[in-house]
Amino acid sequence: MSVMFFFVDKAIYMYYCIKYITQNKISFCATIQEFNLYGLYEEEKAMKYEKLGKKALTCMYVKSLITFFIVTVVILVVNGLCKEEWPGFISYILYGIIGVQLLYVLVAPKIRYERYRYRLSEEGIEVREGLIVVTTQIVPIERLHKIEVSSGPIFRAFGLKEVLVTTAGGELKISYLDNSIAERISEYLRKRINTIVAEEREAANASKESAVENFQEQNMTVQSKQQETEAQDGAK
C-alpha cells in the first residue's frame, strides 16, 4: 500500500507540473524549481495557505474505511437475500461497486488531503478542497454571524476539530484541524469581528458628531443672517 501511495503522490506532482508548464509555457526544469511539494505554486506559499496536519490524513482514511465497511455490508446482505430473484449480472455490478469503493479508500483520502488548503487574512477566510474538481470558498470576515467549534466521535479520537462559520448566505467549514489550531482560529475570528464592530461603531459615532456639527454650523449661519437682516432693517 505504501508503494501505491508513493506513485499516487508522484502522479499528483507531475499533473500540476504539466498543468503549470502548459499555462505558463516554460521549461520543465524551471517548473520543478518553482514548485513546492505536490505541485504547490510559490504564489500559494506567498499567500500563506495552510496545510492540514498528518492526523487529518489518518482521520480521512478511517472515515473512508467506515463508509466502505457500511456500503460493503449492505451490498453483501442485499445480494445474499435477492441474488436468486434477479439476473446474475446484477451481482457483478454490486461487486464492481465494492471494488470502486475500495479504490476510493486507497486513493481519494490522500488526494483530498494534499489539495486541502485554508487561509485566514484580515479581510476574510478562504478554503480550497476537492477530489476531482477543486472548489474555493471565500467569506469576508465582516459577513460572519456565528462561529462554532465542533468535534464528532471520529474527530475526537484523533484530537481534531472543525471550525464552522455562518453567514447570511450560508456556511463555511475548516475541517480536520488540530484542537489547538481550531481554538486559535476561533479566537482570532472572534477578535477580528469585535475589532470590525468597534470600528463600525466609531465610524457611526464620528458620522453622527459630524452631522451635529454641520447642523450647528448651519443654525449659526442662519442666525447670523437673520441678525444682519434685522440690523439692516433697524438702520433703515
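Me: What makes E1 and strand E2 a pair, and in which sense do they run?

Reply: Two strands count as paired if DSSP finds at least two bridges between them, and E1 and strand E2 (residues 117-120) are joined in the antiparallel sense over 2 bridges, so the criterion is met. Within this pairing, glutamate 50 has tyrosine 118 of E2 as its bridge partner. The model is predicted, so that local features need pLDDT of at least 70 and side-chain atom pairs count only at pLDDT 80 or more, while totals for chains, interfaces and linings use all residues. Residues are numbered from 1 along each chain as its sequence is written, and side-chain values use heavy atoms, with hydrogens and water left out.

Me: Why are E1 and E4 called edge strands?

Reply: The sheet to which they belong is open, has 4 strands in the order E1-E2-E3-E4, and is paired in the antiparallel sense. Strand E1 (50-51) and strand E4 (135-140) each pair on one side only, and this is what gives them the name. The strand labels themselves rest on DSSP runs (E, at least two residues; helices are H or I, at least four), numbered from the N terminus. By that count the chain has 7 helices and 7 strands.

Me: How do you know that valine 127 is buried?

Reply: Valine 127, which lies in strand E3 (residues 124-129), has a relative accessibility of 0%, and buried means under 20% relative accessible area (exposed is over 50%, partly exposed in between, with a 1.4 Å probe and protein chains only), so the label applies. Setting aside neighbours within four places in sequence, valine 127 is in contact (heavy atoms within 4.5 Å) with nine residues listed for it, among them Tyr118, Thr136, Leu172 and Ile174. Valine 139 is 12 residues from valine 127 in sequence, and their C-alpha atoms are 9.0 Å apart.

Me: What makes E6 and E7 a hairpin, and how many bridges join them?

Reply: E6 and E7 run antiparallel with 7 bridges between them, and the hairpin joins one to the other through 2 residues. One of the bridge partnerships puts valine 165 opposite leucine 172 of E7.

Me: What makes a set of residues a nonpolar core, and which residues of the largest one touch the most other members?

Reply: A nonpolar core is a set of buried Ala, Val, Leu, Ile, Met, Phe, Trp, Tyr and Cys residues joined through side-chain atoms within 4.5 Å. The largest has 28 residues, of which Leu52, Ile174 and Leu189 touch the most other members. At least two residues of this core come from each of helix H4 (54-82), E3, strand E5 (144-150), strand E6 (160-167), strand E7 (170-178) and helix H7 (179-235). A second, separate core has 5 residues, including Phe68, Ile75, Ile98 and Val105. Apart from neighbours within four places in sequence, leucine 189 has contacts that include Leu120, Ile141, Ile147 and Val165.

Me: Why is the pair of phenylalanine 155 and tyrosine 176 called tilted?

Reply: A search of the whole structure finds 1 aromatic pair. Its rings, those of phenylalanine 155 and tyrosine 176, have centres 5.1 Å apart and planes at 50 degrees. Rings of Phe, Tyr and Trp (its six-membered ring) pair if their centres lie within 6.5 Å, and planes under 30 degrees apart count as stacked, over 60 as edge-to-face and the rest as tilted, so tilted is the term that fits. The pair links distant parts of the chain, with phenylalanine 155 in helix H6 (residues 153-157) and tyrosine 176 in strand E7, 21 residues apart. Phenylalanine 155 is buried at 7% relative accessibility, and tyrosine 176 is buried with a relative accessible area of 7%.

Me: What is the phi of tyrosine 176?

Reply: Phi of tyrosine 176 is near 60 degrees, which is a positive value in a residue other than glycine. Most residues other than glycine have a negative phi.

Me: How do you know that the charged end of arginine 128 sits over the ring of tyrosine 49?

Reply: A charge sits over a ring if NZ of Lys or CZ of Arg is within 6 Å of the ring centre and within 35 degrees of the ring normal. The charged end of arginine 128 is 5.0 Å from the centre of the tyrosine 49 ring and sits over it, and the charged end of arginine 119 also sits over the ring of tyrosine 49, 5.4 Å from its centre.

Me: Why does serine 91 count as buried, and which residues does it touch?

Reply: Serine 91, placed in helix H5 (residues 88-115), has 11% relative accessibility and therefore counts as buried. Not counting residues up to four places away in sequence, serine 91 touches Asn79, Lys83 and Trp86.
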